[in-house]
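Visitor: I would like to go through this model with you, one question at a time. Could you show it to me before we begin?

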Amino acid sequence: MAASAADVRSILSLPNPSTPGPSQTKPKVPGTTERSRKPEGISRELYSLIGPSAPTLAAQLAKPRLKQKPNLGGGGRVKWEWQSFKNNGRTDSLHLSHWTKAGTDPEAEYTFAKYNVQPTSYVYSQDEYNRFLEDKEWTKEETDYLFELVREYDQRFYVVGDRYDFPGGPPRSLEDLKDRYYSVCRKLVRNRPWAGDESSKMQLISSFQFDKEREVTRKKYVASLEQRTPQQIAEEDALYIELKRLEQTERRFKKERDELLKTLLGVESGLPDISVEDEPPVNGNGLHIDTTTPVTGNTRKTKKRGVNDVDTPTSAGPSSANVISLGQPVQKKAQSAKSAQYDAQHCIHRTDANQTTSNKAAHTPVYFRSYKLPMLKNPTGPRIIQVLSELGISHSRLVMPTRENCARVDGLVEATMSLIDTKKCVDKVEQDIQVATMRLEMANNTGGEGGEGGAGTPSAMDVDEDAEGVEDDDGRAHSVISSRSTKSMRGRKQSQRRSMSISSVDTSATGSMPKRRKR
Amino acid sequence: MAEQRVRVRGLSIHRPIIYGNTATVLTPEERKINPSPDHTHRWTVAVRSAASAPDSDIVGGADDLSYFIKRVTFKLHETYPNPTRNIEKHPFEVSETGWGEFEVQIRITFIQESGEKAITTYHHLKLHPWTVTSDGQIPEAPSLETAAKMGPVHSWQYDEIVFHDPYQSFLNILTAHPPTPLPKIRKKPVPFHTANPGSLEASKGGVPEFTQEMEKEEAERLEIARKAVITETDKWRAKLIEKEKELELLQRQIGDV
């Protein structure tokens, strides 16, 4: 936009020349400054053209009413302070400082600490693996490795996929990894007893949904989209435009035809009532039927004609089908809301009718609800009863054996069973551990005696000293092994020995508990 | 009529009932009049609808159940004269005097339209006041004098009679008589039940009444127990996984040796 000379002058606050610009004439008149101030809502250029003799309309050309600017906590000055804070999300004791508004409590919890959410990492026992997680494509070791990586990299699958290198395993794509991980999680959630309600379980399971095929197809599709040549893109665009044009033409044609028919047949044609939108074009005969049937109300007539003319039923059919398909869902919905209330009032419970009809012959006779409580007769029964009685629950009697409560008892018994199963597994593994420790000790004793000549190398003892300090029973045995192994090939053995000592610490930490209890 | 004998598939309908007894200690005067002087209690065993009628002094019985129950047979101890008592109309109850507790067999026969067989349950006739056996020992029943002071003894079991795929005609009869819903909140004492020993205190002081609150309370108890079991399971599972790792290490070591 070109500025006039007057504008330049006014910007530079220069005195007016002898021949003032058009915009400056009026405001210069002394007594009129009050009146001639530019009303709001009129641009300066316009005002300078129409002058103060602006029509009343100008007053209405008020500034467009915009929302008032929100007042964000007053314009007062805010004081900021450099404060050190404690982040509860940190596991290390690193202290950082940040700028905060003056007056904030330095002891207050760090607002962002709550976002440091650790993803739940799923672990499974051997028993669970055997029961639910077997997969012929995957070994347990590789699954363990996958879960370890996923945990280590916080479920960042691109990193996991990048780092994934299982020795001796087949090559795995990112989708393979995801598929395995999510399927295992799904199975675990599904098969473990769930503390919350059913819907939250379903929600969690659906969050682990992964469709490998679809993901692969999606990626392929994206890749192919990327690899299109410019010619192909142009062709696609052209085709798309062509399609749109065809659709438009068709719509126009339809509209014109309708209008034509209306003019031909008059108002009674009944056309506006019938949605012609998605009907195939009908011939004159069919239309004739359409117009007559509502008047005569004779269904037999239509039927008869239907035999003669193939087009008649099709012309009448879709429209009536349309009406039904539109009307039914609305009706059904209203019914379900009402019937739920009705069912509650009359104590009715509906199950899927199709399921029950399948075994038509077996009619469940009338029963007392409480008689359907789980019978705990199988071998684990007494143990379940014991656990339940410890929890103050009677396994056989309920105060209010309603349907929901009986279902809850079922869930409770199921959970208890899995608890007992887990305990059994722990017992078994504990026993195996004992056997293994004994075997190891025996093997070490014989081995230790055989290699006694080599034992006592000072460097070996140094390495294993810490292990021995923690360990009482097993530690000695390990140190014997490692000291024996230092004899030859120092470099290689060094690393092996270190792993040995670590493992012995591990076992001492976990293994000492049951032993102590046994004593 | 033919379509009336069609079963409504995929539908089950239940009616909440209670069965049990109320017992009071006989006063010395009453005992004198009684033909069997050794009898100490008067009791009433009954099958009733679960909800209590407003301002009634009995447990339950708001609805007349004879619209679907044809007969209730109470089988008393053989020492009673004609021990099998058939009750064919509302109220379905038997009142007697006696001195001892025993198992009452209760047989409920339904109206013909139901096309269902009779069902049987048992009720332990309770005469002596409830006592808490928290330490697992059965305490001495209080003497008659103290028992008399403690007021009537109530022993009631809630249950639901469930009809699966009922005949249309029977369903029509049932839906014509919707049961009185249980009151939402507690105004009267809670009926004591051995499955919930904690309710003893709340059961004192008058005629008890079944409420929806009791159902919720029990649901909560079950839910808490389930959560406890699951946390315990998780703990043991973690332990198991740890142990398995340990075992694996040991086995590897054995392999190395």
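Visitor: Among contacts in chain B between residues at least 6 apart in sequence, what percentage join residues at least 24 apart?
Guide: This is a predicted model, and a contact here requires C-beta atoms, placed from the backbone, to lie within 7 Å. Once the contacts of chain B are restricted to residues at least 6 apart in sequence, the share that joins residues at least 24 apart is 67%.

Visitor: What pattern does chain B follow along the sequence?
Guide: The secondary structure of chain B consists of four helices and eight strands. Read along the sequence, these elements give the pattern β-α-β-β-β-β-β-β-α-β-α-α.

Visitor: Which element supplies the largest share of the side of chain B that touches chain A?
Guide: The contact draws 60 residues from chain B and 63 residues from chain A. On the chain B side, the elements that each supply at least two residues are strand 1, strand 7, strand 8, helix 3 and helix 4. The largest share, 30 residues, belongs to helix 4 of chain B.

Visitor: How many charged residues are on that side of chain B?
Guide: Sorted by class, the side of chain B that touches chain A has 28 nonpolar and twelve polar residues, and its charged residues number 20.

Visitor: Which residue in strand 1 of chain B is the bridge partner of Arg350(A)?
Guide: Strand 3 of chain A, residues 348–350, runs antiparallel to strand 1 of chain B, and three bridges join them. In strand 1 of chain B, the partner of Arg350(A) is Leu11(B).

Conventions. Residues are numbered from 1 along each chain as its sequence is written. Chains are lettered from A and ligands numbered from 1 in the order in which they are written. This is a predicted model: local features need pLDDT of at least 70, side-chain atom pairs count only at pLDDT 80 or more; totals for chains, interfaces and linings use all residues. Two residues are in contact if their C-beta atoms, placed from the backbone, lie within 7 Å. Ala, Val, Leu, Ile, Met, Phe, Trp, Tyr, Cys and Pro count as nonpolar, Asp, Glu, Lys and Arg as charged, and the others, Gly among them, as polar. Two strands pair if DSSP finds at least two bridges between them.
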